[in-house]
Amino acid sequence: MTTVTLIPGDGIGPEITEAVKAIFAAAQVPITWEEENAGQTTFDAMGELIPQSLIDSLERNRIALKGPITTPVGKGFKSVNVQLRQKFDLYANVRPAKTTPGIKTRFDNVDLVLFRENTEGLYAGLETFDERLGIADSIARVTVEGSHKIVRAAFKYADKHKLKVTVAHKANILKAAGRIFLEAAADVSKEYPNVVWDDKIIDNMCMQLVSKPEQFQVIVTTNLFGDILSDLCAGLVGGLGVVSGANIGDDMAIFEAVHGSAPDIAGQGLANPTALLRSGLMMLQYMGLFEQASRIEKALEKTLLDKNSCTRDLGGTASTSEFAQHIISNL
Ligand code: NAI
């Protein structure tokens with residue numbers, strides 16, 4: 001049994017976490033959960049956003065599954081997600097987007113993985129606002145080392161799976177930050193002579209993705225562009241409720257649903273647990289538990305083919321826990 005830190009999060013987090021726990025238990029996945037929360041819920045209860053007990057648990061276990069955490073817009077505390085990624089140097093945000101039979105979308109042939117730099121860029125936290133002058137500066141810090149790390153992660157994955165890499169950037173305008181990133185790709189590509197790669201300016205990249213997404217296999221980009229592109233890719237394959245995500249560093253990984261805490265539907269049993277479940281399946285693969293991951297994946301895919309078994313966002317009528325029960329029946 002491996003111990004995994006479980007962070008239920010805010011809003012719909014506890015509901016979808018319960019669903020994933022039930023499915024993993026039914027599939028006899030050999031892990032023990034160590035539950036520690038963070039975010040608005042812990043702040044309201046104990047005045048702490050990221051309790052020390054969570055930090056200790058993460059340092060001990062080096063692996064976690066995390067629900068969504070509320071972040072106030074334009075004020076209040078710095079995103080817990082961003083803090084955890086930066087504290088533990090989880091530099092690679094890995095977001096697969098693949099068409100699923102049964103989930104109706106505009107395209108039926110999307111199969112790509114996006115690697116987003118996760119700790120620097122415009123999320124470095126270098127922000128000032130001079131109220132007197134009415135000037136805000138949000139600085140994108142892009143480093144040579146950070147760029148090499150994320151680009152290498154993408155090329156390594158592409159090399160292993162024999163895929164093409166596309167580097168998305170804005171080096172035509174961002175002559176410093178954009179150039180560093182593009183140069184990192186050129187450098188790292190020499191280590192992977194078998195990997196075919198090209199680059200695209202971010203605006204063209206968006207247009208290409210929404211018109212011909214099948215041309216992309218592995219995309220690597222900086223933090224803000226990756227944040228936006230990854231939701232765009234989620235939209236191509238069925239939305240935020242069905243895509244997985246992982247924050248991966250050299251010796252720690254936090255797997256998380258990519259959607260937010262969905263306050264509009266929290267506590268009503270309407271949330272789709274697929275995104276968190278798929279993130280959990282990425283976690284099982286990372287842990288080498290391929291057999292369990294594949295068994296649950298097949299049960300999920302079977303369930304998704306039957307609209308009536310699905311949650312409302314997928315056109316069904318099942319509640320979160322009913323949907324989980326259908327997956328369990330299909331195991
Ligand atoms: P959101 O992802 O929470 O919600 C957007 C829309 O998608 C809503 O209509 C919601 O009901 C729906 N939705 C999201 N997840 C769903 C699911 N599993 N099943 C069915 N429907 C689902 O995004 P929003 O409203 O922009 O953010 C709400 C809060 O979440 C904010 O405080 C934001 O900062 C936070 N957030 C946290 C993230 C994280 O912890 N990784 C990621 C994105 C946002």
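Between domain 1 and domain 2, 10 residue pairs are in polar contact, both residues at pLDDT 80 or more. A polar contact is a pair of N or O atoms within 3.5 Å; within protein, one must be able to donate a hydrogen and the other to accept it, and residues adjacent in sequence count only if both atoms are side-chain atoms. On the domain 1 side that touches domain 2, two elements give two or more residues: α4 (80-87) and β4 (92-98). Helices (H or I, at least four residues) and strands (E, at least two) are DSSP runs, numbered from the N terminus. The largest share, three residues, comes from α4.

This is a predicted model: local features need pLDDT of at least 70, side-chain atom pairs count only at pLDDT 80 or more, and totals for chains, interfaces and linings use all residues. Residues are numbered from 1 along each chain as its sequence is written, and side-chain values use heavy atoms, without hydrogens and water.

Domain bounds come from an automatic or database domain assignment. The two domain centres, taken over C-alpha atoms, lie 25 Å apart. Contact (heavy atoms within 4.5 Å) takes in these residues:

| Domain | Bounds | Residues in the contact |
|---|---|---|
| Domain 1 | 1-93 + 238-331 | 13 residues |
| Domain 2 | 106-235 | 13 residues |

The buried area is about 1,200 Å², with 49% from carbon and sulfur atoms. Buried area is the accessible area (1.4 Å probe) that two parts lose on being put together, summed over both. Q86, Y91 and N93 supply 49% of what domain 1 buries against domain 2, more than any other three residues.

One salt bridge crosses the interface. A salt bridge is a side-chain nitrogen of Lys or Arg within 4 Å of a carboxyl oxygen of Asp or Glu. D89 and K149 form a salt bridge, their closest N and O atoms 2.7 Å apart.
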